[in-house]
Amino acid sequence: MKKALPVLIFFLIAMFAFSFFLKTEKEITSGNKVKVGATIIPIDSIVREIGGDRVESILIVPEGASPHTFDPDPETIRKLSGSSVIFKIGVIDDWVLNIADSLEIEDFFVGNNISLKSHEKEKAVVIGKNEEHKEGEFDPHYWLSIPNGKIIAENIANKLIEADPAGKEYYKGGLENFVSAADEKDTEIRSILSGVSGKKIITFHNAWSYFADEYGFEIAAVYQSSPGKEPLPKDVKNLVDVARENGIKVFFSEAQSSPAPLEAVGESADIEIIPLDPLGAEGYLSSLVNNARTIRDSFSL
């Protein structure tokens, strides 16, 4: 009996160790936090602001990548395993639906209760053939407006409370702090752009209509080709013509795409290429302020 005791103890220790390594990835990697996915940096930023120490947010589209052309790798998908929910914008990240289905994770549209714009009602001159947007599809760049961002935050907070009822007051507090900070940044942006009311810009991605409408300037034209495709010579000429007609000296590219195809054109037409960043690695609110400054400063060139 005495000889059997050490064997029994060893067996129990081995079973305990084995059971530890069989814990779910969620339990091991997130320390019992609520694990969620977020497709793009702005959503991830808001989730982190509200969720704080109770939430582990897995960013799916990394800094520098575009959700329009992103192809998740196996490692990214593995990290999402065990998540309670994946937060998505819609349209530009609908590829995440297949991931959510395969991992049996709920996908959650953060644009509920937001007045969404239709691409068909775009006021700007659209140059180039857009093969990305389907008829009747809404413009998914609605996070580029702080009032919309506050609605997104409320939707996220409610979903986190649903996933983690014990953290209700914590998430409510996180939401209140976010809204307060958002109101301050909204006031700052309106001050920054107070002198550009009615002025016009040209962008190479049809992403900025929510931002323009909210803060009082206009988009004269967009080059609305499918992401990753270079503009045709005739499209470039049309862009230059619109710029000259409106006295525009800047074309706005984006941080997630190379401006190389149009740099030579910009030089020959004396038009500067400046990037805006709709995704903002420095955080959601700070990014919008920085974009506002970039737009304001462009009118001084």
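Buried, as I use the word today, means under 20% relative accessible area. With that in hand, take strand β8, residues 250–254: five of its five residues are buried, so by that cut-off the strand is mostly covered. This is a predicted model, and I will come to its confidence at the end.

Staying with β8, both of its faces are covered. On one side are Val 250, Phe 252 and Glu 254, and on the other Phe 251 and Ser 253. Glu 254 and Ser 253 are buried along with the others.

Next, the neighbours of β8. Which strands does it pair with? One is β6, residues 200–203, in the parallel sense, over two bridges. Another is β9, residues 272–276, also parallel, joined to β8 by five bridges. Phe 251 takes part on both sides: Ile 202 has Phe 251 as its bridge partner in β8, and Phe 251 stands opposite Ile 273 in β9.

While we are in β6, look at Thr 203, which belongs to that strand. Is Thr 203 buried or exposed? Its relative accessibility is 1%, so it counts as buried. Setting aside residues up to four places away in sequence, Thr 203 touches Trp 208, Ile 219, Ala 221, Val 222, Tyr 223 and Phe 252. Phe 252, you will recall, is in the β8 set I listed a moment ago.

Now the nonpolar cores. In soluble globular proteins, nonpolar side chains tend to be buried together. Here, the largest nonpolar core has 56 residues, and the members that touch the most other members are Phe 87, Ile 156, Leu 193 and Phe 211. Which helix gives the most to this core? Helix α6, residues 146–163, does, with seven residues. Apart from that core lies another, of 16 residues, including Ile 127, Ala 221, Val 240 and Ile 248. Ala 221 is also one of the residues that Thr 203 touches.

Back to Leu 193 in the largest core. Not counting residues up to four places away in sequence, Leu 193 touches Phe 211, Tyr 215, Phe 217, Ala 292, Ile 295 and Arg 296. Phe 211, Tyr 215 and Phe 217 from that list form one aromatic cluster together with Trp 208.

That leads to aromatic pairs, of which the structure holds 10. Take Phe 178 and Tyr 284: their ring centres are 6.3 Å apart and their planes are at 25°, so the pair is stacked. Phe 178 is in helix α7, residues 168–192, and Tyr 284 is in helix α11, residues 284–298, so the pair ties together parts that are 106 residues apart in sequence. Both Phe 178 and Tyr 284 are buried.

One more ring to mention is Tyr 210. Lys 117 lies over its face, at 5.3 Å from the ring centre. Tyr 210 is also in contact with Asn 148, as are Ile 114 and Tyr 142, leaving aside neighbours of Asn 148 within four places in sequence. Asn 148 is in helix α6, and is buried, with a relative accessible area of 12%. From Asn 148 to Ser 115 is 8.6 Å, C-alpha to C-alpha, with their positions 33 residues apart in sequence.

Last, confidence. The protein chain averages a pLDDT of 85, and 80% of the residues score at least 70. Where is the pLDDT below 50? Over residues 1–30, a stretch that has 18 contacts in the model beyond near neighbours in sequence.

Note on methods
Residues are numbered from 1 along each chain as its sequence is written. Side-chain values use heavy atoms; hydrogens and water are left out. A nonpolar core is a set of buried Ala, Val, Leu, Ile, Met, Phe, Trp, Tyr and Cys residues joined through side-chain atoms within 4.5 Å. Buried means under 20% relative accessible area, exposed over 50%, partly exposed in between (1.4 Å probe, protein chains only). Helices (H or I, at least four residues) and strands (E, at least two) are DSSP runs, numbered from the N terminus. Contact means heavy atoms within 4.5 Å. Rings of Phe, Tyr and Trp (its six-membered ring) pair if their centres lie within 6.5 Å; planes under 30 degrees apart count as stacked, over 60 as edge-to-face and the rest as tilted. A charge sits over a ring if NZ of Lys or CZ of Arg is within 6 Å of the ring centre and within 35 degrees of the ring normal. pLDDT is the predictor's confidence in each residue, from 0 to 100. Two strands pair if DSSP finds at least two bridges between them.
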